[in-house]
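Hi,

Here's the structure I promised to pass on. Have a look at it first, then read my notes underneath.

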Amino acid sequence: MKAGCHSSFQNPKVSQRRSQERGKSAGLGSQKINAMATKTPAGEDPKKLERTGRVREIGSQAIWSLSSCKPGFGVDQLRDDNLETYWQSDGSQPHLVNIQFRRKTAVKTVCIYADYKADESYTPSRVSLRVGNNFHDLQEIRQLDLVEPGGWVHISLEDPGGKPLRTFMIQMAVLANHQNGRDTHLRQVRVYTPAEEMSLGNLPRFTTTDCLKYSTIR
């Protein structure tokens, strides 16, 4: 037998086992690719949650600021309840939305609206939520990846026991965009607290907009 040559004989059982192992590896690889390609599902319209009477939108009680914005695409557009308008950043990443309350406030959920079909490379792909008393002690509590979102994304701030987080400040940071885009678009941000339960027993919940105005003591 010449140097450098090898016998062509292979044990059939060994060959079969190796083939199966390669098949499993290929299967795992395709599963990972499919998992990465799964689009972020759209959440329920938060207006429907408001109509149940279980939550209240409290963004109007906060002071909002941005790390940057293009003129005419700032806080007003982020909070105008119109899905056709949006905040557009105008600076380097991360792009920040700062939400500051005058008192420590219970926050159950933060909802954001992002639309990949309309905004493409401006659409956030990674978002971080930080909370604290002020800018100097913020701690990250949530980080999520978005894959071509097309609607509302609900970010829960409840602990494992279902208790809402109490904080003076929330900071949302857009860490990355789709297609490595620089600036970002967010079309709406809404902040929810649990509605206060009435102490007069289990009364029926109001469901119409007119009645909901009188469902809490201000």
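Arg103, Lys104, Lys163 and Arg166 form a positive patch on the surface. Patch members have over 30% relative accessible area and no salt bridge, with like charges joined within 9 Å. Areas come from the Shrake-Rupley method with a 1.4 Å probe, and only the protein chains shown count as cover. Lys and Arg count as positive, while His and the chain ends are not counted; a charge is placed at NZ of Lys or CZ of Arg.

Keep in mind that this is a predicted model: local features need pLDDT of at least 70, side-chain atom pairs need 80 or more, and totals for chains, interfaces and linings use all residues. Residues are numbered from 1 along each chain as its sequence is written, and side-chain values use heavy atoms, without hydrogens and water.

Arg166 sits in strand S9 (residues 165-177); strands are DSSP runs of E with at least two residues, and helices are runs of H or I with at least four, numbered from the N terminus. S9 belongs to an open, antiparallel sheet of 5 strands, ordered S2-S4-S9-S6-S7, where pairing takes at least two DSSP bridges. At the edges are S2 (62-66) and S7 (139-145), each pairing on one side only. S2 pairs with S4 (residues 95-107) over 5 bridges, and Trp64 stands opposite Ile99 in S4.

There are also 10 salt bridges (a Lys or Arg side-chain nitrogen within 4 Å of an Asp or Glu carboxyl oxygen). One joins Glu50 and Arg190, with the closest N and O atoms 3.0 Å apart. Because Glu50 is in helix H2 (residues 46-51) and Arg190 in strand S11 (residues 188-194), this pair ties together parts 140 residues apart in sequence.

Cheers

Note on methods. Patch = residues over 30% accessible without salt bridge, like charges linked within 9 Å, V, L, I, M, F, W, Y side chains within 5 Å.
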